[in-house]
Amino acid sequence: QITRGEYLANHVTLCMDCHSTRDWDIYSAPMMPGTEGKGGDVFPEEAGFPGTYYAPNITPSALSGWSDAELYRAIASGQTKHDEALFPLMPYLSYSTLDVEDAKAIIAYLKALKPIENDVPRSKPTFPFSLIMKTIPTKAQPIQRPEISDSIAYGKYITTIAACADCHTPMEKGQPIEHLTFAGGMEFTLPNGKKVISANITPDKEFGIGALNKNDFIKMFKFYENNNSLRVNEGEFNTIMPWVMYAGMTENDLGAIYTYLRTVTPIKYNSE
């Protein structure tokens with residue numbers, strides 16, 4: 001169970017992406033070893049957020065007083081044990097569909113992490129989002145993980161819990177533009193102030209991934225499995241896309257994502 005949770009938290013749901021320290025001197029800013037779950041990543045108002053938000057410490061030193069049910073509620077429903085709403089940058093709306101056994105595996109892994117003492121500041125949403133945020137959490141809607149043999153359904157499940165749409169769908173007034181789901185165009189500000197824009201991952205052949213075959217799609221990720229420490233010099237391009245973490249996903253899971261994405265509506269949208 002812990003092994004499954006480690007795989008999900010580090011390579012699929014990417015809990016460790018925000019709740020650890022990323023090394024921005026390396027391409028795609030992989031997690032610094034030894035910082036797993038310590039929290040502290042900041043998402044400031046200057047970067048376009050409605051307030052300043054901090055990824056909390058999720059090691060046992062901070063979660064020792066949380067029950068499994070309370071952790072599940074936070075992960076899949078977006079509410080803490082103190083009934084506080086989480087900022088939806090934490091993709092609990094995507095995690096809400098987690099198979100209960102997968103959710104239990106993630107919780108088991110979090111409880112097995114090395115305790116790290118790290119007092120993270122409280123997030124500070126600005127008004128009126130401080131009120132709006134309270135209306136977003138919703139009841140979890142877990143599904144049973146589809147059989148791997150059902151590649152489209154299984155691929156949809158993995159794509160959903162990996163929250164691909166969260167970054168690859170443009171937003172307007174804080175809401176995803178539904179008819180542009182997976183079409184890219186969301187803008188992110190890197191720590192150095194530079195901006196990057198998410199790619200169109202619909203099967204459109206001109207602007208999306210329609211010209212890629214499954215093998216090329218998988219290779220695009222797996223390249224970073226053996227190239228996980230590419231140094232970025234000053235002035236060179238970096239990305240918020242966690243290629244290095246996703247590179248640890250199995251070829252089967254990456255292939256299933258590709259298979260599912262090939263079934264979504266192709267959108268002629270230039271995300272740049």
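Hi everyone, let's start with a pair of strands: β2, residues 51–54, and β3 run antiparallel and are joined by two bridges. Please keep in mind that this is a predicted model. If you want one spot to look for, find T52, whose bridge partner in β3 is K124.

These strands belong to a bigger picture. The sheet is open, has three strands in the order β1-β2-β3, and its pairing is antiparallel. Which strands sit at the edges? They are β1 (42–43) and β3 (124–125), and each of them pairs on one side only.

Follow the chain on from β3 and you enter the loop that leads to α7 (129–132), where P128 lies. Have a look at the bond between F127 and P128: this is a cis peptide bond, with omega at about 10°.

Now let's turn to the helices. How do α1 and helix α6, residues 100–112, cross? Their axes come within 7 Å and cross at roughly 90°. Angles from 65 to 115 degrees count as roughly perpendicular, so that is what we call α1 and α6. On the α1 side, the residues that meet α6 include I2, L8 and A9, and their partners in α6 include A105, I106 and Y109. By class, this contact has eight nonpolar, two polar and three charged residues.

Just past α1 there is a loop that runs to α2 (15–18), and L14 has its place there. L14 is a residue other than glycine with a positive phi, near 55°.

Staying with α1 brings us to a pocket. The second largest pocket has a volume of about 210 Å³. Which elements give two or more residues to its lining? Those are α1 (2–11) and α11 (243–246). The lining has 14 residues in total, and H11, P30, N228, V244 and M245 lie nearest the centre of the pocket. Sorted by class, the lining has eight nonpolar, four polar and two charged residues.

One last stop, at L86. Where is L86 found? Look in the loop between α4 (68–77) and α5 (92–95). Setting aside neighbours within four places in sequence, L86 is in contact with A74, G78, Q79, T80, Y92 and M133. E117 is 31 residues away from L86 in sequence, and the two are 22 Å apart in space, C-alpha to C-alpha.

That's my tour, so thanks for listening, and do turn the model around for yourselves!

How values were computed. Residues are numbered from 1 along each chain as its sequence is written. This is a predicted model: local features need pLDDT of at least 70, side-chain atom pairs count only at pLDDT 80 or more; totals for chains, interfaces and linings use all residues. Side-chain values use heavy atoms; hydrogens and water are left out. On a 1 Å grid over the protein atoms alone, a cavity is a set of points where a 1.4 Å probe fits but cannot get out, and a pocket is an open set with protein on both sides within 12 Å along at least five of seven lines; lining residues have an atom within 4 Å of a point. Grid points are joined across faces, edges and corners, and a volume is the space filled by probe spheres set on the points. Helices (H or I, at least four residues) and strands (E, at least two) are DSSP runs, numbered from the N terminus. Ala, Val, Leu, Ile, Met, Phe, Trp, Tyr, Cys and Pro count as nonpolar, Asp, Glu, Lys and Arg as charged, and the others, Gly among them, as polar. Axes are lines fitted to C-alpha atoms, for helices over the stretch in contact, and angles run from 0 to 180 degrees between N-to-C directions. Angles under 35 degrees count as roughly parallel, over 145 as roughly antiparallel, 65 to 115 as roughly perpendicular and the rest as oblique. Contact means heavy atoms within 4.5 Å. Two strands pair if DSSP finds at least two bridges between them.
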